[in-house]
Amino acid sequence: MALRQPIDISSLERYIATHVPIIKTPITLSQFGFGQSNPTYKITSPDGAKYVMRKKPPGKLVSKSAHKVEREYRILKALERTEIPVPKTLWLCEDESILGTPFYIMEFLDGRIFEDPTFPGVSAEERTDLWREAMLTLAKFHRLDPGSIGLAGYGRPGGFYTRQLTTWRNLTIAQGAVLDEETNKPVGPVPGIEALLRFFAAPRYQPNDRASLIHGDFKIDNLVYHRTEPRIVGILDWEMSTIGHPLADIANVVHPWTVNAISSDAARQLGLPHDIEAIEGLPSIPQCLAWYAGTAGWDPAPELRWAEAFCLFRLSIIYQGIAARYAARQASSTQAKERAKAMVPSAELAGKVIADIKGGSGGARL
């Protein structure tokens, strides 16, 4: 966990000593390997206590809507007063003179993070329980009243997917134009982008409008589970959170199974678990939706297919963003160059799901 992006540790220690005295200095700083967007660091104090720091990447940023660590801090602070498990925040620094960009510090959660949503190494019973916990926690989060926890103005209450189309359209244009620092070649467009945009803009296919708080990137590897229990102790990576359509979170978390339903080869292309049929205790998409619906009070199944297609479309642009950050040498993950290659198959899979919807099977499918 070496520092891939240099940090002025002396400046950080002085700031911590003044504003976050609970953290003893001098500190040891290391950088986590995960976190494609915002560099994430582990702070260790002389007494062995651990903390986490998240900051915006350095340099001129391609996206104005991403990397919002201030937004992460705000929602984490608000959720501390609810039953939704999140790490406790300690401090937000918006003074760019300290480390070059804004950052915040939160507690370190000592738990399990599963990068693989099939939960390898656990029993079939626990695998089912871990997935049930994820869907129930998401449903509880979506039921929160934003106004009751100080987040009434956190996003607009309707028209989420319409706004998303505008956001992603503008973002993909900007990202595609980024030139590689070494080759001077542009990142280039997402394949079939104009056809994708036309489909999602067509009212006849769109889901009914609905609004709740959404995480924006809810998935298994953004969850921290208790060391021994199938219980979530914290949800991470809130930079894309807003008030939006809850289908977006649901489609994102079942994304690996959406792709596997198309083919194991497609899942392999995207670096997802594949050939999953023999894995005991792994729930189907309908089972995940049933758990969610029982707590959320509404059934997302009839409209999920459209959201699955949009999820793949969105992910293709996210992968394009990773390519753009790599081209600008701003990517914070060591795997960024490889991850960026998923842009093309993601867009192609979105097209396949759209063809399926147009063919008449627009609901949830496994």
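Is Asp-221 buried, partly exposed or exposed? Asp-221 turns out to be partly exposed, with a relative accessible area of 27%. Keep in mind as you read on that this is a predicted model.

## The sheet

Let's start with the strands. Five of them form an open sheet, and they line up in the order 1-2-3-5-4 with antiparallel pairing. Strand 1 (28-31) and strand 4 (89-93) stand at the edges, and each has a single partner strand, so one side of each has no neighbour in the sheet. The sheet is not flat-on from strand to strand either: on average, neighbours are turned by 20 degrees against each other, direction ignored.

Now zoom in on one edge. Strand 1 and strand 2 (residues 40-44) run antiparallel and are joined by four bridges. Within this pairing, Gln-31 stands opposite Tyr-41 in strand 2.

## Helices against the sheet

Next, look at what packs on those strands. Helix 1 (residues 9-19) touches strand 1, strand 2, strand 3 (50-55), strand 4 and strand 5 (103-107). The direction of helix 1 makes about 120 degrees with that of strand 4.

Helix 2 (residues 69-79) also has a place here, lying across strand 3, strand 4 and strand 5. Helix 2 runs at about 150 degrees to strand 4.

## An enclosed helix

Further along the chain comes helix 11 (residues 304-327), which has 24 residues. From its first C-alpha to its last, helix 11 reaches 34 Å, close to the 34 Å expected at 1.5 Å a residue. Is helix 11 largely enclosed or largely open? Of its 24 residues, 22 are buried, so helix 11 is largely enclosed by the rest of the structure. After helix 11 comes Arg-329, whose phi is positive, near 60 degrees.

One residue of helix 11's stretch also gives us a handy distance to check. The C-alpha atoms of Gly-321 and Ala-174 are separated by 9.3 Å, and these two residues are 147 residues apart along the chain. Ala-174 lies in helix 5 (residues 160-176) and is partly exposed, with a relative accessible area of 34%.

## Charged pairs

Side chains of opposite charge can pair when their charged atoms come close. How many salt bridges does the structure hold? There are 16 of them. One of these brings us back to the opening residue: the side chains of Asp-221 and Lys-219 meet at 3.8 Å, N to O. Like Asp-221, which has 27% relative accessible area, Lys-219 is partly exposed, at 26%.

Two other pairs sit inside helices. In helix 4 (residues 124-142), Arg-132 and Asp-129 are three residues apart, so about one helical turn separates them. Their closest N and O atoms are 2.6 Å apart in the salt bridge. Arg-132 is partly exposed at 29% relative accessible area, and Asp-129 is partly exposed at 23%.

Helix 9 (residues 264-269) has a pair with that spacing too: Asp-265 and Arg-268 are three residues apart, so they are separated by about one helical turn. Their side chains meet in a salt bridge at 2.5 Å, N to O. Here the partners fall into two classes, as Asp-265 counts as exposed at 52% relative accessibility, while Arg-268 is partly exposed at 40% relative accessible area. Elsewhere, salt bridges that share partners link Arg-54, Glu-72 and Asp-237 into one network.

Terms used:
Residues numbered from 1 in each chain as written. Predicted model: local features only at pLDDT ≥ 70, side-chain atom pairs only at ≥ 80, totals over all residues. Heavy atoms only, no water. Pairing = 2+ DSSP bridges. Axes fitted to C-alpha atoms, helices over the stretch in contact; angles between N-to-C directions. Contact = heavy atoms within 4.5 Å. Expected span 1.5 Å × (residues − 1). Buried < 20%, exposed > 50% of the residue type's maximum accessible area, 1.4 Å probe, protein only. Salt bridge = Lys/Arg side-chain N within 4 Å of Asp/Glu carboxyl O.
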